[in-house]
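Hi there,

Here is the structure I promised to pass on to you. Have a look at it first, and then read my notes below with the viewer open.

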Amino acid sequence: MQKIDIFDTTLRDGEQTAGVNLNVLEKLEIAKQLERLGVDIMEAGFPASSKGDFQAVKTIAETIKNSSVTGLARANKRDIDAAWEALKNSEEPRIHIFLATSPIHMTYKLKMTPDEVLESAVSAVKYAKQKFSVVQWSAEDACRSDKWFLVKIITEVIKAGASVINVPDTVGYRSPQEYGGLFAFLRNNVPNIGNVKLSAHCHDDLGMAVANSLAAIENGAAQVEGTINGIGERAGNSAIEEIAVALHIRNDHYQAETRLKLNEIKKTSQLISKLTGMVVPGNKAVVGENAFAHESGIHQDGVLKEASTYEIITPELIGVSSNRLVLGKHSGRHAVKNKIKALGFELSEDKLNEVFDAFKALTDKKKEITEDDLFDILTEKQTETKDMKKYELESLQLQYGTNNIQTATVAVTAPDGTYIEEAATGAGSVEAIYNTIERIVAEPLELVDYQIKSIGGGRDALAEVHVKAIYDGVESGGRGSAQDVLEASAKAYLNAVNRSIVNESMVKQKVNL
Ligand SMILES: CC(=O)SCCNC(=O)CCNC(=O)[C@H](O)C(C)(C)COP(=O)(O)OP(=O)(O)OC[C@H]1O[C@@H](n2cnc3c(N)ncnc32)[C@H](O)[C@@H]1OP(=O)(O)O
Ligand SMILES: CC(C)C(=O)C(=O)O
Ligand SMILES: [Mg+2]
């Protein structure tokens, strides 16, 4: 099994993400977590770029013991000196010098000839080698460079003292086949390539960063660079967690491994998302909120029977406690039944069908059905008195205006089966509804208490209303839940009426006995 070094650049290339700016303490916290994750090398920043970054790299270099710490430098003495001052007290002082080698960058950005670039790279590496035990050199924009020029400059910087050669796809331009091919080409054509480690550094402009990094490994890269959650300049860098998990899950194919503690991945991802403000998309591979969530009935059924039917990665592998079966529009009976059991309910097949129907009806109104929603359906279904005829809400309509008297129109089916529709007004919407219901029901009705709360969280949470009312001289509690507070209010009031009717009839039955 080949060992692949993980070079994490979350604190340097990751921090180059537009809008991200980490202070020293935030960088230090991330560095400690990267050390716990077990990255081999962390690039803590670019010491010459600012006082803050210099201080961050120095603090991290002096704190972290179980990962090597490095810093970026341009090919000039000032940057190399700044890097040395920041890194000299680290366990293994290591510098990362870069210089662009592509015609586009040399001509327009550096305004240097290839010979000047070669000379500058060699003298920077020689200078750095007098101070640092490990010098890494990167050919910026290597993938748009002339490959024979790459051979020439890499040969010379190795002679000058570089022990790691990085071949970045700076603008995410290459396909996996091409990028892997470039590594094979360099291995075959740079005479002293055997003296160094080859490193891959990919960007995600065309969505191929991770695939390219894996292709580099297949063609001799012994180090891969990237960031957690794939953050970074423009479309970002290779996501380290994806590379590491791919190597682990497909080690039959890659025959390579890292020393990362994979069960620290989720925590690391969450910390970095929190401190950078870069939200991880739900469908992101490995660390997305939905990476272990199943919504559709056929998948949920499969996962309940055997998780590996639809999971190639176990949640525990990356430090997530369990998968999630999300109850929603696409869920089937198996998953609902499983959740009902987990909530402690034993239902007959008939009751299960009723609950399932109510569940499906709710999915037309709500995206995700929470445990609280299901519990609400279950308690409603378990406690309803089926054999008793009662008032049922058919429709509710409100006319509302901030400075108006409110008007409600309520339609119900009465216990004798007749359809009744009434309208009434009130100072508020609930009062208008309750005045209308009082007109509908046969006996006098009086509201004693009204309370409302939400079931679960979120904007689409169900509303639950509890009332106390006296109907025909009998006091009863009533409850109603619905996504709309006014519908829940109407249901609760009618429920109180129905329960008074039931209570009254039970008392009568006892008297008759
Ligand atoms: C591919 C990458 O990710 S490379 C890393 C990119 N990261 C960053 O740029 C983040 C930090 N950068 C900064 O804070 C600033 O750019 C600094 C402090 C480094 C430099 O700032 P300034 O001196 O104002 O220069 P500015 O950024 O405008 O221009 C860059 C200069 O460096 C030169 N340069 C670029 N790369 C290199 C290199 N590898 N070696 C030497 N010089 C270089 C450019 O040609 C340009 O030189 P010029 O001023 O003679 O035209
Ligand atoms: C500094 C270099 C390695 C870089 O980030 C790139 O080329 O993308
Ligand atoms: Mg980069």
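What follows is a short tour of the barrel, the helices, the smaller sheet and the two ligands.

Please keep in mind as you read that this is a predicted model.

**The barrel**

A good place to start is the closed barrel, which is built from eight strands in the order β2-β3-β4-β5-β6-β7-β8-β9 and has parallel pairing. From one strand to the next, the twist averages 25°.

Which strands does β2 run alongside? One is β9 (residues 223-226): four bridges join it to β2 (residues 5-8), and the two run parallel. If you want a residue pair to click on there, take Phe7, whose bridge partner in β9 is Glu225. Another is β3 (residues 41-45), also parallel to β2 and joined to it by two bridges. Here you can look for Asp8, which stands opposite Met42 in β3.

The stretch from β2 to β3 is worth tracing by eye. Together with helix α1 (residues 24-37), these two strands make a β-α-β unit, and that unit is right-handed.

Further round the barrel, β6 and β7 pair in the parallel sense, with three bridges between them. Gln136 has Val164 of β7 as its bridge partner. As a general reminder for when you inspect any of these, side chains in a regular strand alternate between the two faces of the sheet.

**Helix pairs**

How do helices α6 and α7 cross? The axes of α6 (residues 147-160) and α7 (residues 176-189) come within 10 Å, and the crossing angle is roughly 50°. Angles that are neither under 35, nor over 145, nor 65 to 115 degrees count as oblique, so α6 is oblique to α7. The crossing of α6 past α7 is right-handed.

You will find another helix pair in α8 (residues 209-218) and α9 (residues 240-249), which pack at about 50° with their axes 10 Å apart. That angle makes α8 oblique to α9, and α8 passes α9 in a right-handed crossing.

**The three-stranded sheet**

Later in the chain there is an open sheet of three strands, ordered β18-β19-β20, with antiparallel pairing. Its edge strands are β18 (445-455) and β20 (474-482), each of which pairs on one side only. The twist in this sheet averages 15° from one strand to the next.

Between β18 and β19 (residues 462-471) there are 10 bridges, in the antiparallel sense. Asp449 is a handy landmark, as it stands opposite Lys468 in β19.

**The ligands**

I expect this is the part you will want to open up on screen.

Which residues are closest to ligand 1? They are Ser49, Arg74, Ala75, Leu99 and Leu110, out of 15 residues that surround this ligand. By class, the shell splits into five nonpolar, five polar and five charged residues. Strand β5 (94-100) and helix α4 (103-110) each supply at least two residues of that shell.

Around ligand 2 you will find Asp13, Leu72, Phe98, Ser138, Glu140, Asn166, Pro168, Thr170, His201 and His203. Three of the residues in this shell are nonpolar, five are polar and two are charged. At least two come from β6 (134-140) and at least two from β7 (164-169), strands that you already met as a parallel pair in the barrel.

That is the tour; happy browsing, and do write back with any questions.

Best wishes

Key
Residues numbered from 1 in each chain as written. Chains lettered and ligands numbered in written order. Predicted model: local features only at pLDDT ≥ 70, side-chain atom pairs only at ≥ 80, totals over all residues. Near = placed C-beta within 6 Å. Nonpolar A, V, L, I, M, F, W, Y, C, P; charged D, E, K, R; others polar. Pairing = 2+ DSSP bridges. Right-handed = clockwise from strand over helix to strand, strands pointing away. Axes fitted to C-alpha atoms, helices over the stretch in contact; angles between N-to-C directions. Left-handed = near helix turned anticlockwise from the far one by under 90°.
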